[in-house]
Amino acid sequence: MEGWLYLIRSNRLGLQYSRKRYFVLRDCCLKRYKALPVNGEEVPMRSATIDSCIRVTDDGRECIQQKVFFIFNLYNTLNHSDQLKLGAGSPEEAARWIRALQDAATVERPNPMMNFVSCSKRRWPCFRICIPSRKYEHKSSIDWTSCSSIHTEAMTSDVIAPSPWKIFGCQNGLRIFTESKDWDSGRRHWDGHPAIMAVCVVDGTSEAIFRTLMSHGPMRSEWDFCYYHGSVVEHLDGHNDIIHEQLYNDWFPWGMKRRDLLLRRYWRREDDGTYVILYHSVFHKKCRPQKGYVRACLKSGGYVISPINQGKLSLVKHMLSIDWKLWKLYLQPSCARAITICMLERVAALREMFRSKTGKFSLEYSSREQMRDMALPLSEEEHIKKEIRVPGDNIPEEEAKRLHSQTTSLMEMQDASDEFFDVPEPPHYEQLENEWSCELSPVHQSSSKYQPKLSSAACLAKKLHGLAAQKKGYVDFLPCCYGATLENDPSCSLPCSWTSGDPSSYLVRGENYLQDHQKIEATGTMMQMVGADWLRSNKREDDLAGRPGCIVKRYAECGDPEFFFVVNMQVPGSTTHNLALYYMLKTPLEEHPLLHRFVNGDDAFRNSRFKLIPYISKGSWIVKQSVGKKACLVGQALEINYFRGKNYLELDIDVGSSTVARGVVSLVNGYLNNLVIEMAFLVQGNSPEELPECLLGTCRLNHLDVQKSVQVEP
């Protein structure tokens, strides 16, 4: 993998700026050049080996110096301050680099030390910077863009479940669906805010459609007849925004006032090139209801853009469930449905716009973007100019060799010697994404790490509540009963309970998967689910299985041979919540070679094999779409800390280590009480002797309630 990327750094005043550099990834070695290497003989400015200590995170889009970049970070898991921030010009390019770097980091290496110490606690070598020897150079690079054994699965659902949608009409070339629960045999019953979806095929790439849907610029008026004006109120992080949209009223029924929407927008890109954009209404103090507008409530909605026909076409799904806030519509549900369907017809206009610009759309789109300017605050412009006013990038050859010979950290990949040198941009690329830059203006940006602070009155109320609880003689601290704080209910009828899921609902790799890439229904699980915890704490709770009073400890103290596998999901926030699932293996661990290797392997092997299949069996469309039904390698998306004990292995998954995961959690939290969440866990099989795959265990969580989580004693 090789190409131009942008090195993102901060100057002495804390302002971010970018420098264009040429990067080459070959044989797990990442090299950086100032200019395009012509014959492969040039000595790179810096080089580094990508090993199992390096993790890559997708941080979404960010505006820097009037340009929008799709950011990804490389950092050392042993030292989070040792990191490298890179940007690409498009989400597709960023995704290719992320995939290549992840594959390089998860290359399986021999593990000479087969002991019970967690790999995360070993003294791994740092991310080294060095000069690659000439004998290490190869004339032909590895094609990192090709699918590895880790990523060859077809991007289809890994869960067997009935479709919640049923078609009820076709209009303007759109197939119109509604959720089955809103449908009856007489085709007359609709609730006040039906969830409706329009589906069509658009003659354009998924990336081009994604850019068009996310833009609030002049091009919007070419297809969105509902849209009057829009802006970004706050940029939360690379995948989340608060946006405000005002709608025209000329397509509303006579006498209906203008409507506006204040929405939280979340987006992500799937491995197969599918883009998901989700919306739901929120309240924001910076954008209160305005005079002359009635604020509608979007319960759930969004787009799913999936590439088809080898990426030349895209299947676009647009879904809306909206309360128009008009009392007459409650008496006439069919009128509310008609307004929602009319808004869904924007997809037909989008399709016609792409059809009219076939073959020249991307070029025309870029030229439109170049015509828009973005005005930075004067103070920021002055700071940037002041920082750039430093001479020279010519480094003597002897000095370059001396720098390359030093062993340094990852941060040295962005050394100061070329801080003020930048590669000239070609004219056609100069202002490629200014329309998005307008959305991500620094005026609206806020730090993704910002946490609202409680007022003094709220803090006092919290303390008084604690004193009152102690005076009454009760404190909801957790007694020593880890593994039993959630009730087991096989009927799955009690709220805040758990039971095992149906293994046959999940698809796993079959015996001949490496030849035919076919998946089969799982026939059972290797382990039995024996307990679950739903906890809250003021800090992250690690190694629950090693604590006194835990179900795992009790078995160990009795000398029982059972082995336990614990999945501890840590959800960050003002209060950290832990969802811990306990599985027990009754047969000897040695009888399961792949699991035995996983339990006693290193972190690189574990991160490349541990797989989760999520599924929301009951819940709203927006939550189902945000979670999905596709298996994912958790260790490549989230940070996992492994704890190996005498009779257990615990996986502590930090959900907050990814902006994408944080966006999903923010959506799920608002609907948690009404969800039935199902999950399956397994170790991925990559060789014939490891196939067919077998599920480690399944679970079904019924209507979890944050208020019913158990407080962990400090």
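The side chain of aspartate 241 makes a polar contact with the side chain of histidine 235, at 2.7 Å. A polar contact here is a pair of N or O atoms within 3.5 Å; within protein, one must be able to donate a hydrogen and the other to accept it, and residues adjacent in sequence count only if both atoms are side-chain atoms.

This is a predicted model, in which local features need pLDDT of at least 70 and side-chain atom pairs count only at pLDDT 80 or more, while totals for chains, interfaces and linings use all residues. Residues are numbered from 1 along each chain as its sequence is written, and side-chain values use heavy atoms, with hydrogens and water left out.

## Aspartate 241 and its partners

Aspartate 241 lies in strand E12. Helices (H or I, at least four residues) and strands (E, at least two) are DSSP runs, numbered from the N terminus. Is aspartate 241 buried or exposed? Its relative accessible area is 1%, so aspartate 241 is buried. Buried means under 20% relative accessible area, exposed means over 50%, and partly exposed is in between (1.4 Å probe, protein chains only).

Aspartate 241 also forms salt bridges, among them one with arginine 61 and one with arginine 265. A salt bridge is a side-chain nitrogen of Lys or Arg within 4 Å of a carboxyl oxygen of Asp or Glu. Side chains of opposite charge can pair when their charged atoms come close.

The table lists three salt bridges of the model.

| Acid | Base | Closest N and O atoms |
|---|---|---|
| Aspartate 241 | Arginine 61 | 3.4 Å |
| Aspartate 241 | Arginine 265 | 3.2 Å |
| Glutamate 690 | Arginine 609 | 3.0 Å |

Take the pair in the top row, aspartate 241 and arginine 61. It links distant parts of the chain: aspartate 241 is in strand E12 (residues 240–247), arginine 61 is in strand E5 (residues 54–64), and they are 180 residues apart. Arginine 61 counts as buried because its relative accessibility is 0%.

Now take aspartate 241 and arginine 265. This pair links strand E12 to strand E13 (residues 258–269), across 24 residues of sequence. Both aspartate 241 and arginine 265 are buried. Arginine 264 is 23 residues from aspartate 241 in sequence, and their C-alpha atoms are 5.8 Å apart in space.

The last row pairs glutamate 690 with arginine 609. Both sit in loops: glutamate 690 between strands E29 (676–683) and E30 (695–702), arginine 609 between helix H14 (603–607) and strand E25 (610–618). They are 81 residues apart. Glutamate 690 and arginine 609 are both buried.

Elsewhere, salt bridges that share partners join Arg220, Asp224, Glu245 and Arg346 into one network. How many salt bridges does the structure hold? The count is 28.

## Strand E17 and its neighbours

Strand E17 (residues 313–323) is mostly covered, with eight of its eleven residues buried. E17 pairs in the antiparallel sense with strand E10 (residues 196–202), over seven bridges. Two strands pair if DSSP finds at least two bridges between them. E17 also pairs in the antiparallel sense with strand E16 (residues 297–308), over eleven bridges.

Methionine 319 in E17 shows both pairings. Its bridge partner in one is methionine 197. In the other, glycine 302 stands opposite methionine 319. E16 and E17 form a hairpin with four residues between the strands, where asparagine 309 takes a positive phi near 55°.

## Helix H17

Helix H17 (residues 659–669) is mostly covered: eight of its eleven residues are buried. Among them are Val660, Val664 and Leu667. At the start of H17, a side-chain oxygen of serine 658 reaches to within 3.2 Å of the backbone nitrogen of valine 660.

## Nonpolar cores

A nonpolar core is a set of buried Ala, Val, Leu, Ile, Met, Phe, Trp, Tyr and Cys residues joined through side-chain atoms within 4.5 Å. The largest has 66 residues, and those touching the most other members include Leu25, Phe72 and Trp324. Helix H1 (residues 91–105) gives this core its largest share, seven residues. Another core, of 62 residues, lies apart from it and includes Tyr583 and Trp621.

## Confidence

The mean pLDDT of the protein chain is 78, and 74% of its residues reach 70 or more. pLDDT is the predictor's confidence in each residue, from 0 to 100. Over residues 441–458, pLDDT stays under 50.

Terms used. Contact = heavy atoms within 4.5 Å.
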